[in-house]
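Open the model in your viewer and keep the selection box at hand. We will go from stop to stop, and at each one you will hear what to select and what is there.

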Amino acid sequence: MPELACVNGQVMPISEAKIPIEDRGLQFGDSVYEVVRAYSGHLWLFDRHMQRLKMSLDEIGIEGVKLEEVEAQVKMLLKRSGIGDAIVYLQITRGVTPRSHVIPRNITPNVIITVRHVPQTPEELYTTGVKAVLLNDTRWARRDIKTTNLLPNILALNEARRRGAFEAILVEQADGTVTEGSHTNVFAVVNGVLRTPPADHRILPGVTREFVIELAAREGIEVNIAPLPVTELMEAEEVFLTGTLIEILGVTVLENKMVGSGTVGTITKRLHRAFREEVRKAIESSEA
Ligand code: PLP
């Protein structure tokens with residue numbers, strides 16, 4: 001199954017895809033992106049990803065993108081690749097101009113899409129859970145926009161991996177509250193209540209996060225969306241991460257301290273089971 005790219009509507013192998021050196025995405029990080037997962041050829045929560053993409057484009061004022069066309073290109077590329085369990089990467093840059101900080105008028109955005117095989121999360125991690133470490137959140141103030149300015153995120157993740165952890169959980173220095181992971185959202189179970197920080201400017205409004213909140217409500221689990229002090233996280237019965245790639249992944253060690261009893265918690269497992277059941281139903285109804 002070939003991993004393919006589509007650049008402004010033209011399909012090619014990923015290794016052959018090119019963007020000019022004066023693309024503003026390359027020079028300034030002047031671009032936004034999405035990562036969508038396909039299960040058995042079904043684009044999971046695709047509408048929500050497209051809505052968030054629109055929000056990101058609007059927030060930084062990239063104009064002239066026909067999102068219906070982008071949506072059609074994603075579907076076409078996925079089909080042409082023949083990859084069922086795929087990861088679709090979608091990036092829209094403001095376009096190409098001679099380098100200038102000033103945003104020029106009448107510039108044509110570049111639309112880049114790739115389809116690749118999903119880098120599978122080892123199944124045993126859902127049983128054992130993972131380790132996370134705490135790091136200061138050093139990012140800008142508009143983390144709700146999904147821009148490609150990911151340097152603080154990748155440096156934080158790199159530091160976490162250097163310390164043998166799966167993820168860095170980021171903490172706002174000003175008030176000691178948890179924001180999110182370097183590439184995931186964070187949940188905790190405290191006194192049986194599911195806790196997660198609000199989707200304000202300080203975090204990315206994760207598509208998986210939103211879906212998990214809805215799932216929890218359906219499962220009759222009490223949810224409290226409010227600032228989450230790191231002290232509360234450290235005392236939580238359960239902690240888990242959410243994201244398009246990892247789905248729902250338990251954290252069993254936080255800064256070398258066991259979370260709860262040191263095993264993946266019952267609410268985490270229950271939500272992950274319910275999540276996978278929803279995926280199964282979505283695949284079934286898309287095949288019907
Ligand atoms: N937070 C950050 C900083 C991310 O980069 C991501 C995903 O890449 C997430 C949260 C999870 O978002 P989603 O569930 O939409 O994949």
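Select Tyr39, Trp44, Phe211 and Phe275: these residues form one aromatic cluster. Keep in mind that you are looking at a predicted model.

A pair of aromatic rings is described by the distance of the centres and the angle of the planes. Across this model, the count of aromatic pairs is six. Start with Trp44 and Phe211, whose rings meet edge-to-face, with 5.1 Å from centre to centre and 80° between the planes. Now colour the chain by position and look at where the two partners come from. Trp44 sits in the loop between β4 (42–43) and α2 (46–60), while Phe211 belongs to helix α6 (residues 207–218), so this pair links distant parts of the chain, 167 residues apart.

Are these two rings buried or exposed? Trp44 has a relative accessible area of 8% and Phe211 one of 5%. Both count as buried, because buried means under 20%.

Stay on Trp44 and add Phe275. This is another edge-to-face pair, at 5.6 Å centre to centre with 75° between the planes. Phe275 lies in helix α8 (residues 266–287), and 231 residues separate Phe275 from Trp44 along the chain. Phe275 is buried as well, with a relative accessible area of 2%.

Next, try two places where an arginine meets a ring. Select Arg161 and Phe166: Arg161 lies over the face of Phe166, 4.9 Å from the ring centre. Then select Arg276 and Tyr126, where Arg276 is placed over the face of Tyr126 at 5.0 Å from the ring centre.

Now zoom out and colour two ranges, 4–117 for domain 1 and 125–280 for domain 2. Taken over C-alpha atoms, the centres of the two domains are 27 Å apart. Domain 1 brings 22 residues to the contact and domain 2 brings 21 residues.

How much area is buried between domain 1 and domain 2? The value is about 1,900 Å², and carbon and sulfur atoms give 60% of this area. To see who contributes on the domain 1 side, select Tyr33, Arg48 and Arg52: they supply 33% of the area that domain 1 buries against domain 2, more than any other three residues.

For the last stop, look for charges across the boundary. Between domain 1 and domain 2 there are four salt bridges. Finish by selecting Glu247 and Arg37, which form a salt bridge with their closest N and O atoms 4.0 Å apart.

Terms used. Residues numbered from 1 in each chain as written. Predicted model: local features only at pLDDT ≥ 70, side-chain atom pairs only at ≥ 80, totals over all residues. Heavy atoms only, no water. Phe/Tyr/Trp six-rings, centres within 6.5 Å; stacked < 30°, edge-to-face > 60°. Helix = DSSP H or I, 4+ residues; strand = E, 2+ residues; numbered from the N terminus. Buried < 20%, exposed > 50% of the residue type's maximum accessible area, 1.4 Å probe, protein only. Lys NZ or Arg CZ within 6 Å of the ring centre and 35° of its normal. Domains from an automatic or database assignment. Contact = heavy atoms within 4.5 Å. Buried area = accessible area lost by both parts, 1.4 Å probe. Salt bridge = Lys/Arg side-chain N within 4 Å of Asp/Glu carboxyl O.
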